[in-house]
There are 2 protein chains.
Amino acid sequence: MTTFTYDQLYSFSYNVFKAMGCSDEHAETAAKVLVSADIRGVDSHGVARLSGYVRLWEAKRINANPTLKIVHETPSTAVVDGDAGLGLVVAPFAMQVAIDKAQQVGTGWVSVKNSNHFGIAGYHAMMALQHQMIGIAMTNASALVAPTFSIEKMLGTNPIAVAIPAGNQPPFVADFATTTASNGKLEILQRKQAEAPLGWVQDKEGFETTNANALKDGGAMLPLGGDREHGSHKGYALGSIVDIFSAVLSGGSYGPWAPPFPAYIPLPDNMPGQGLGHFFGAMRVDAFRPADEFTQNMDNWIERFRQAKPAPGHEKVIIPGDPEREMEVERMSSGIPVVDPVVTDLVAVGQKFGISL
Amino acid sequence: MTTFTYDQLYSFSYNVFKAMGCSDEHAETAAKVLVSADIRGVDSHGVARLSGYVRLWEAKRINANPTLKIVHETPSTAVVDGDAGLGLVVAPFAMQVAIDKAQQVGTGWVSVKNSNHFGIAGYHAMMALQHQMIGIAMTNASALVAPTFSIEKMLGTNPIAVAIPAGNQPPFVADFATTTASNGKLEILQRKQAEAPLGWVQDKEGFETTNANALKDGGAMLPLGGDREHGSHKGYALGSIVDIFSAVLSGGSYGPWAPPFPAYIPLPDNMPGQGLGHFFGAMRVDAFRPADEFTQNMDNWIERFRQAKPAPGHEKVIIPGDPEREMEVERMSSGIPVVDPVVTDLVAVGQKFGISL
C-alpha cells in the first residue's frame, strides 16, 4: 500500500493521457473524471483502470483524438457519437449537452453511442448540481450478469447515478450497479481470496455459490435481488432499462454484444451497434417549482431521513452520497491509499511512456 | 372464489365511481385503470382496492370532481395539481401532458401533487406505447419501508414502471415495487397464514423475520436487496428517488408524511406538501433515432434475451411484461377469478350505492 496525494494521481494520469495523444483539454477531463473515483473511495473505477484504458488504446479500440458530435437532436434530446473516444471524455461532453438543453427547455436527455468505459457514473450526474439541476447518468457495460432464470451472461453491471441538489444540506447522490454487488466489491474478495455472500454470483450451472471466482469459471454475477424470490427480476429489469436507454436508443452495442473492457477479449461477432452506450439526463429544478422551495424541501427530506430511528448496532441512517463525500474530505487531507498490485501496474504504465509516478 | 368477466368488473367499478359523483369520463377512466390491474394479474391493485377508494371518498380525502390543472410548466416539464382527485384519473391526465410535451419537444416530464393511489404504474407508462414513445411512471405511497440501518418506516413501496415499444415483438414493460417483494405479495402470504422468505420484512427491533404479519407488529418492509450485504442501500436509494421525483419536485407530501391509503389511519401531522405525488415521463423514440431503426433493434434485443440459455429447472428467460400480457389473454377469455373476501367486500360496496355485482 502506498499513499498518494490527489495531485500526484491526477498529474500522473494527465501525463499518461497526454502521452496517448489526447489534447490538453481531453487529458485534463479524463484525469479529473478518473481520479474522482479514487478520491471518493470507488477504487475499482479510478487509477486501477488506467492500464486498461491504455491497453484498449494500444488495441486501437480507443481513439485518443475523437471528434465528438451530436448526430440527432430535438429541443430536449440528442444522440452523441463518441467516435470511439475515452468514455471519460465523451461522457462529460454528452452530459453538458443535456445540461444545455435543460437550460433551454427544462430538461435534456442524451443517449451516446460509440463510447468506452466512462469511469464513475456519479461524476457525470453531479455535473448537474452546480446548475440547480437533477443529474442522471447510466451506462451499459460488458456482459457479466445473467438474467433471472438464465446461466448466460447478457448484461453488464449497468450502473445508475442520480444527483439531486439540496440547500443547506449536501446533495443526494446515489450511484450504484444494478447487481447485488458491484464488480469492484467482488474483485476485492478475489484479491483477499475470501468467499462472497450468497446472492452475489452463481456458478456455470446456475447455482448460487460463495466462490468469488465463479465468474472466471463460467459463472455469472446476479442482478440486484439475487434470486427470483428476493426480486432479482427487478434488478434484471433495471439493468435491461439501462442497456436499452444507453445503447438501443443511441445505436450502441447492447446486451451480450457490449464491447468488453479487457483488451485481450476479442470484440463480439455481429455487433448490432457501435461501442458502449451511455444515457444522461438533466432536469432543471425550477422547471417544476421555484428552486428555493425545492431545495428547502430537499433539506427537510434529508434532515428527516437522517433522524430516522436507527436499527440496533447502527448509529444512523445514511443519505446516498454521504460515504463518498466523507471519503473525499478524508482523502483530500490524508491522501489516497493505493494497493501494491495497482502501484506496480501504474509504474509499468509510466515506464511505457517515460513518466514517473 | 368467483370468476367474473372483464366487462362485469369494469361496469361494476364504473357504476361505483359514478355513484361517488365522478363524471362519466372520469368514471370510465378510473374503472379502466382499476380493472387493468385485475386483467393483468396484479390482483392487489384492482377491484380489491375499490372499497378503499370509497372509504377515502367518504372521509373526504378523495374529491370525486377534481379540477385537474397544470400549475407550472416549461416546454418539456409540468407540475399537475390533482385537486385531491382519484389517482386513477389524475395519473392518465398527467401522463397525457407528458405525451403532448414529448410530441412538441422530444420528451415530456410531469410531476404531480395532491393526488391519491393511482392503481398500477404499468397502465400509465404503457399509454406512451401507441405514440412510439417510451413511457415512465412512478409514485410515492404511504410509508411501510425502513431504509437500510433503520427500524422506522420512511418510504412507500414506491413502484417504477417503464414501457418500451418494439416492432414485431410485444413491448418491454417493467413494473415493480422498489422493495424485495410488493405489499400485494405479502398480503397473499398473510391471507394464507404462510411465512415470508427472509429478506422481505423485519420486525420492530430491526431483525429479519419470516413473520408475514411483522408489519402489523411494528415491523417494516425491506428495500429491494433486503439487507446491506445484498444491496438494500440500492433499493433504499431507488425508493428515495421515486419519492423525491414524485413529491419533492411537485410539492406533494413525501417520505413518512405521505398520506396513508387506509382511511382509518389519520393523516400525518405537519405534512410538508399536498397529497400523494407521482412522476411521469414520455420520450419519443424518434427524438433519438429513426423509429424503425429503434424498433428493429428492440426486436433484436428481445429475441436475443429470449434465447438466453436457461438455468436448470427453468424453461426460458422472461422478458419484462410477458407474464402480465399472457395473463391478460387468459383472463380475457376465461374470466378473472376474485377471492371470496374481495367478493364480499365488493358486494358490501355495491349495497352502499344500490349497485349489484
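**A seven-stranded sheet, one helix and a chain contact**

Let me start with the sheet in chain A, where seven strands come together as an open sheet of mixed pairing, in the order β2-β3-β4-β11-β5-β6-β7. Please keep in mind throughout that this is a predicted model. At the two edges of that sheet sit β2, residues 69–74, and β7, residues 172–176, of chain A, each of which pairs on one side only. Going from one strand to the next, the twist averages 10°.

In general, the strands of a sheet pair through backbone hydrogen bonds, and they may do so in a parallel or an antiparallel manner. Here, strand β4 of chain A, residues 107–115, and strand β11 of chain A, residues 276–284, run antiparallel and are joined by seven bridges. If you want a place to look along that pair, find A:W109, which stands opposite A:G281 in β11(A).

Stepping back to the whole chain, we count ten helices and twelve strands in chain A. Its radius of gyration is 20 Å, close to the 21 Å that the globule rule gives for 357 residues, and so chain A is as compact as a globular protein of that length. Along the principal axes, the C-alpha atoms of chain A fill a box of roughly 50 × 50 × 45 Å, and buried residues make up 59% of the 357 residues. Of the contacts in chain A with a separation of 6 or more, 62% are between residues 24 or more positions apart.

Now to one helix: which residues of α3 in chain A, residues 50–58, are buried? They are A:L50, A:Y53, A:V54, A:L56 and A:W57. These residues cover an arc of only 160° around the axis, which means that they lie on the same side of α3(A). The elements covering the buried residues of α3(A) include α1 (6–20), α2 (24–39) and α10 (340–353) of chain A. Just after α3(A), you will find A:K60, which takes a positive phi of about 60°.

Finally, the contact between the chains, which takes 66 residues from chain B and 66 residues from chain A. Looking at the side of chain B that touches chain A, the elements that each supply at least two residues include the strands β2 (69–74) and β3 (77–81) and the helices α7 (232–248) and α8 (291–306) of chain B. The largest share of that side, seven residues, comes from α8(B). Sorted by class, the side of chain B that touches chain A has 37 nonpolar, 22 polar and seven charged residues.

Definitions and conventions. Residues numbered from 1 in each chain as written. Chains lettered and ligands numbered in written order. Predicted model: local features only at pLDDT ≥ 70, side-chain atom pairs only at ≥ 80, totals over all residues. Pairing = 2+ DSSP bridges. Helix = DSSP H or I, 4+ residues; strand = E, 2+ residues; numbered from the N terminus. Axes fitted to C-alpha atoms, helices over the stretch in contact; angles between N-to-C directions. Rg over C-alpha atoms; globule rule 2.2 N^0.38 Å. Buried ≥ 20, exposed ≤ 12 C-beta atoms within 10 Å, placed from the backbone. Contact = placed C-beta atoms within 7 Å. Nonpolar A, V, L, I, M, F, W, Y, C, P; charged D, E, K, R; others polar. Arc of directions from axis to C-beta.
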